[in-house]
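This briefing introduces one protein structure to a reader who has not met it before. Please have the sequence and the model at hand while reading.

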Amino acid sequence: MFSYRHAFHAGNHADVLKHTVLLAVLRHMTQKETALNVFDTHAGAGLYRLDGDYAKTSAEAADGFLKLVATPPKEPYAPALKDYIDMVAGFNTTNHWSVYPGSPFIIQSLLSGRDKLKLWEMHPTDIKTLTANVAQLEAGRQVAILREDGFEGLKKFLPPPSRRALVLCDPSYEVKHDYARVAAMITDAMQRFATGTYAVWYPIIPRPEAHDLPKKLKTLANRSGKAWLHATLTVKSSKLTQDEQGEVVRPGLPASGMFLINPPHTLKAALKDALPQMVELLKQDSNATSTLESGG
Ligand code: SAM
């Protein structure tokens, strides 16, 4: 338990998908006058170094965000992708990409004074890093960090007083039980607050639980009569291969998805152009593809 550190994965292709979607959702939701509550149930450390040991060891950002900016697409970047790149650029002072913002910093950068952000994190080291990073923001009571289980902790805040909220659920899926816990948390949250916007990231890997999760969320949204949107990004095949010595090589994370309930009505159009460009720029083999479905 808690061997996962997002610092190894920050800026990878899954973050490109997740954070492009998150930003597009927030752009829409922060336009209204009423206070917005954002709940990030699995926050991570908040800010990451792209030139530090973790990122260099995994090199995942090199196949994700850094690849996205290294070779611009044939056409101009799609607006949602350009917005995401510009947002990351805002955390970097020169042309050198040294810092990558995690979801807490992306969210906080869009909030206005009336909005609130709650962050859950349980990793003993990442909670300290998150606390130190958030302290630099001097955001006062706008941002609260809770060292408790995000799956359980959300309950007590729903429904929020302003009746406007975004819940981002982005666990590490270190244990297969996480998939069932995501479904249970969103089911419970929908009973407490059916008009909230829910955004769930999940890995697309050869594991039944991973394939079942978006199906369960779709069934939940349809039964509740709520709109949903499902976006996926695949960068390579999930098949095992062999190296020259005949050793089995695991492909690493080949694909991931974002499932949203009550998404902004602007989101589908924003992703329609952005997803094919993610495929064009991040593809690692001929299996690279994206999907975009909505309903309700
Ligand atoms: N949302 C972050 C972002 O986009 O920058 C990345 C989060 S990372 C994928 C998942 C995080 O959840 C890890 O830092 C892990 O320590 C934390 N975590 C694992 N189980 C948790 C739980 N039950 N409640 C809260 N956080 C948890």
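In this predicted model, helix H8 (residues 177–192) lies across three strands, namely S6 (165–169), S7 (197–203) and S11 (255–261). The direction of H8 makes about 175 degrees with that of S7. Helix H10 also packs on the sheet, where it touches strand S8 (228–234), S11 and S12. Between the directions of H10 and S12 the angle is about 165 degrees.

**The sheet as a whole**

- The sheet is open and consists of 8 strands, with mixed pairing.
- Its strands follow the order S5-S4-S1-S6-S7-S11-S8-S12.
- The edges are formed by strand S5 (143–146) and strand S12 (289–295). Each of these two has a single partner strand, so one side of S5 and one side of S12 are left without a neighbour in the sheet.
- On average, and with direction ignored, neighbouring strands are turned by 10 degrees against each other.

**Strand S1 and its partners**

- Strand S1 covers residues 37–40, and both of its faces are covered.
- Asn37 and Phe39 are buried on one side of S1, while Val38 and Asp40 are buried on the other.
- S1 runs parallel to S4, to which 4 bridges join it. In this pairing, Asn37 stands opposite Lys116 of S4.
- S1 also pairs with S6 in the parallel sense, over 4 bridges. Here Phe39 stands opposite Val167 in S6.

**Strand S4 and the edge strand S5**

- Strand S4 comprises residues 116–120 and is joined to S5 by 4 bridges, the two strands running parallel.
- Trp120 has Leu146 of S5 opposite to it.

**The second largest pocket**

- The volume of the second largest pocket is about 200 Å³.
- This pocket is lined by 14 residues, of which Ala24, Pro79, Ala80, Thr266 and Ala270 are the closest to its centre.
- Three helices each give two or more residues to the lining: H1 (13–29), H4 (79–89) and H10 (267–282). H10 is also the helix that packs on the sheet against S8, S11 and S12.
- Sorted by class, the lining of this pocket holds 8 nonpolar, 3 polar and 3 charged residues.

Notes:
Residues numbered from 1 in each chain as written. Predicted model: local features only at pLDDT ≥ 70, side-chain atom pairs only at ≥ 80, totals over all residues. Heavy atoms only, no water. 1 Å grid on protein atoms, 1.4 Å probe; cavity = no way out; pocket = protein on both sides within 12 Å on 5 of 7 lines; lining within 4 Å. Points joined across faces, edges and corners; volume = space filled by probe spheres on them. Nonpolar A, V, L, I, M, F, W, Y, C, P; charged D, E, K, R; others polar. Pairing = 2+ DSSP bridges. Axes fitted to C-alpha atoms, helices over the stretch in contact; angles between N-to-C directions. Contact = heavy atoms within 4.5 Å. Buried < 20%, exposed > 50% of the residue type's maximum accessible area, 1.4 Å probe, protein only.
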